[in-house]
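Please open the structure in your viewer and keep the selection tool at hand. The tour below proceeds stop by stop, stating what to select and what is found there.

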Amino acid sequence: MLESDVIAYCAPTLAGLKTANMFSYKPLQMEGLDAEIRRANGILNEKGVFIEVLKSNDARALLYVYRRKKLEADLKREGARRLLEQCGYGDTEPEACIGYLKTRFSQYRDFPHEVGLFLGYPLHDVVGFIEQKGQNYKCTGIWKVYDNEKETQQTFRKLKKCTEIYRRLFAGGRSIRKLTVAVQ
């Protein structure tokens, strides 16, 4: 079941088009979640994709599926580093940042707003969302857009098409291993 949800919600990450995705996952049994994630990571890690639990309760887990190398590059960009520092992150290494992001999730009812950096959203849209308190955006899709509206709408279409193709291929029997692109 985890594999089909990863395909449904994270195809652009598996295809190497996006740094990361996250989604709410309801396993059949919470006790088996760690084993499910270990099994999926056993397949995906060899292609540079990793799954982490950001937070969980008795029935659901918020899963983060990401490409470590892309995340590392995203977090080290100058504006991203500055924003992370403002939010209390002391390090830009992916593992340390994900660890602190988990802490931030436990402190928020909804989402810590810097999470967009971890999902590969453009810095200007993450900053725009924070500064505008989620209002006054130009358009919305996977995220709220504050700049480069036309270019971002093309990106949204491309990511949606990727998801449609991956769902169809997976339903037709293609394995998650084959659908995950190894990106350097």
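**Stop 1: helix 1 and helix 2**

Select Leu2, Glu3 and Leu14 in helix 1, and then add Glu36, Ile37, Ala40, Ile43 and Leu44 in helix 2; these two groups of residues meet each other. Please note that the model on the screen is predicted. Sorted by class, the contact of helix 1 with helix 2 has six nonpolar and two charged residues, and no polar ones.

Now display the two helices as a whole. Two packed helices are described by the angle between their axes and the distance between the axes. The axes of helix 1 and helix 2, the latter spanning residues 33-44, come within 12 Å and cross at roughly 40°. Helix 1 and helix 2 are therefore oblique to each other. Their crossing is right-handed.

**Stop 2: helix 1 and helix 8**

Keep helix 1 (residues 2-14) selected and add helix 8 (residues 149-171); their axes come within 8 Å and cross at roughly 140°. Because of this angle, helix 1 is oblique to helix 8. Helix 1 passes helix 8 in a right-handed crossing.

Which residues make the contact between helix 1 and helix 8? On the side of helix 1, select Glu3, Ser4, Ile7, Ala8, Ala11, Pro12 and Leu14. On the side of helix 8, select Leu159, Cys162, Thr163, Tyr166, Arg167 and Phe170. By class, this contact of helix 1 with helix 8 has nine nonpolar, two polar and two charged residues.

Before leaving helix 8, select Thr155, which is placed in this helix. With a relative accessibility of 29%, Thr155 counts as partly exposed. Add Lys18 to the selection: Thr155 and Lys18 are 137 residues apart in sequence, and their C-alpha atoms are 10.0 Å apart in space.

**Stop 3: aromatic pairs**

How many aromatic pairs does the structure hold? There are 10 of them. To view one, select Tyr9 and Phe23, whose rings are stacked, at 5.2 Å centre to centre and with 20° between the planes. This pair links distant parts of the chain, since Tyr9 belongs to helix 1 and Phe23 to strand 1 (residues 20-25), 14 residues apart.

Is Phe23 buried or exposed? Its relative accessibility is 4%, so Phe23 counts as buried. Tyr9, by contrast, counts as partly exposed because its relative accessibility is 43%. Add Tyr25 to the selection as well: Tyr9, Phe23 and Tyr25 form one aromatic cluster.

For another pair, select Tyr89 and Tyr100, which are arranged edge-to-face, at 4.6 Å centre to centre and with 80° between the planes. Tyr89 lies in the loop between helix 4 (78-86) and helix 5 (94-107), whereas Tyr100 lies in helix 5, so the pair ties together parts that are 11 residues apart in sequence. Tyr89 is buried, with a relative accessible area of 4%. Tyr100 is partly exposed, with a relative accessible area of 26%.

**Stop 4: the loop between helix 4 and helix 5**

Finally, select Thr92, which lies in the loop between helix 4 and helix 5. The threshold for a buried residue is a relative accessible area under 20%. At 17% relative accessibility, Thr92 therefore counts as buried. Which residues are in contact with Thr92, leaving aside its neighbours within four places in sequence? To see them, select Leu75, Lys76, Arg81, Leu84 and Cys97.

Technical notes: Residues numbered from 1 in each chain as written. Predicted model: local features only at pLDDT ≥ 70, side-chain atom pairs only at ≥ 80, totals over all residues. Heavy atoms only, no water. Axes fitted to C-alpha atoms, helices over the stretch in contact; angles between N-to-C directions. Helix = DSSP H or I, 4+ residues; strand = E, 2+ residues; numbered from the N terminus. Parallel < 35°, antiparallel > 145°, perpendicular 65-115°, else oblique. Left-handed = near helix turned anticlockwise from the far one by under 90°. Contact = heavy atoms within 4.5 Å. Nonpolar A, V, L, I, M, F, W, Y, C, P; charged D, E, K, R; others polar. Phe/Tyr/Trp six-rings, centres within 6.5 Å; stacked < 30°, edge-to-face > 60°. Buried < 20%, exposed > 50% of the residue type's maximum accessible area, 1.4 Å probe, protein only.
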